[in-house]
Every structure is written in C-alpha cells, then in structure tokens.
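Subject: Structure handover

Hello,

Here is the structure for you to look over. My notes follow underneath.

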Amino acid sequence: MADMKEEFKVNGEMLLKKVNELIKEGNIRKITIKDKEGKEIMSFPLTFGVVGAVLAPILAAVGAIAALVTECTISVERK
C-alpha cells in the first residue's frame with residue numbers, strides 16, 4: 001500500500017489543535033510543518049506506540065511555533 005500525503009492550511013492558533021487531532025488518528029507516519037512560503041519549519045516521524053512522554057517535547061515545540069506563525073501548512077504522510 002502506498003503512502004498518502006495530505007496538506008492542511010491552518011492559522012497559528014489552530015496548529016497545536018490540528019497536530020493533536022492528527023496524532024490521535026493513529027495512522028500518521030510523518031508530520032511536517034511549513035511556513036506560508038512553504039519553507040519547512042519542523043518535521044517529525046510518528047511510529048506506532050509513540051505516547052505521552054515522547055510526544056511532550058514535540059508538542060511543546062509545536063506550541064512555540066504556533067505562537068510565532070500566523071499561517072502555516074501541515075503536511076501529513078499517512079500509512
């Protein structure tokens with residue numbers, strides 16, 4: 001089965017919420033966050049079984065990015 005790619009445009013305040021929703025879906029292989037010009041800001045892989053303590057620093061970084069950007073794109077690779 002081939003990987004699927006999807007992109008979501010969100011504003012800064014919705015970034016963390018959307019990333020959390022995607023993680024909870026559980027079929028995500030990798031999440032990349034890009035600024036409005038398309039430049040990669042952050043990218044992180046998600047593997048089966050990644051939970052709480054491992055995600056905490058990632059989500060803290062996503063929260064910091066959300067405070068700095070007005071608009072961004074979340075690029076998602078699904079399994």
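A salt bridge here is a side-chain nitrogen of Lys or Arg within 4 Å of a carboxyl oxygen of Asp or Glu. By that rule, Glu6, Glu25 and Arg78 are linked in a network of salt bridges. Please bear in mind that this is a predicted model. The fold comes before the network below.

Overall fold

The protein has 2 helices and 4 strands. Read from the N terminus, the elements run β-α-β-β-α-β. Of the 79 residues, 37% count as buried. The accessible surface comes to about 5,000 Å², and carbon and sulfur atoms hold 58% of that surface. If one takes the contacts between residues at least 6 apart in sequence, 70% of them join residues at least 24 apart.

The sheet

The 4 strands make an open sheet with antiparallel pairing, in the order β1-β4-β2-β3. The edges are taken by β1 (4-11) and β3 (40-45); each has a single partner strand, so one side of each is left without a neighbour in the sheet. On average, neighbouring strands of this sheet are turned by 15° against each other, direction ignored.

The pairing of β2 (residues 28-35) with β4 (residues 71-78) is antiparallel and covers 7 bridges. Within this part of the sheet, lysine 30 has glutamate 77 of β4 as its bridge partner.

Helix α1 and leucine 22

Helix α1 (residues 12-25) lies across β1, β2, β3 and β4, and runs at about 150° to β1. Leucine 22 has its place in this helix. Is leucine 22 buried or exposed? Its relative accessibility is 0%, so leucine 22 counts as buried. Leaving aside neighbours within four places in sequence, leucine 22 is in contact with Phe8, Ile28, Ile31, Ile74, Val76 and Arg78. For one of these residues, valine 76, there is also a distance: the C-alpha atoms of leucine 22 and valine 76 are separated by 8.5 Å, while the two residues are 54 apart along the chain.

Salt bridges

The count of salt bridges comes to 5. Three of them are described here, starting with the pair that involves glutamate 77.

Glutamate 77 and lysine 5 meet through their side chains in a salt bridge, at 3.9 Å from N to O. Glutamate 77 lies in strand β4 and lysine 5 in strand β1, so this pair ties together parts that are 72 residues apart in sequence. With a relative accessible area of 19%, glutamate 77 is buried; the cut-off for that class is under 20%. Lysine 5, at 64%, is exposed. Not counting residues up to four places away in sequence, glutamate 77 touches Asp3, Met4, Lys5, Asn27, Ile28, Arg29 and Lys30. Two residues in that list have come up already: Lys5 as the salt-bridge partner, and Lys30 as the bridge partner in the sheet.

The network

Which residues does arginine 78 join in the network? They are Glu6 and Glu25.

In the salt bridge between arginine 78 and glutamate 6, the closest N and O atoms are 2.4 Å apart. Arginine 78 lies in strand β4 and glutamate 6 in strand β1, so the pair ties together parts that are 72 residues apart in sequence. Arginine 78 is buried, with a relative accessible area of 8%. Glutamate 6 counts as partly exposed, at 28% relative accessibility.

The side chain of arginine 78 also meets that of glutamate 25 in a salt bridge, at 2.6 Å from N to O. Here glutamate 25 lies in helix α1 and arginine 78 in strand β4, so the parts tied together are 53 residues apart in sequence. Glutamate 25 counts as partly exposed, with a relative accessibility of 42%. Arginine 78 is, in addition, among the residues in contact with leucine 22.

In short, the network has a buried arginine 78, a glutamate 6 from strand β1 and a glutamate 25 from helix α1.

Regards

Technical notes. Residues are numbered from 1 along each chain as its sequence is written. This is a predicted model: local features need pLDDT of at least 70, side-chain atom pairs count only at pLDDT 80 or more; totals for chains, interfaces and linings use all residues. Side-chain values use heavy atoms; hydrogens and water are left out. Buried means under 20% relative accessible area, exposed over 50%, partly exposed in between (1.4 Å probe, protein chains only). Contact means heavy atoms within 4.5 Å. Accessible areas come from the Shrake-Rupley method with a 1.4 Å probe; for residues, only the protein chains shown count as cover. Two strands pair if DSSP finds at least two bridges between them. Axes are lines fitted to C-alpha atoms, for helices over the stretch in contact, and angles run from 0 to 180 degrees between N-to-C directions.
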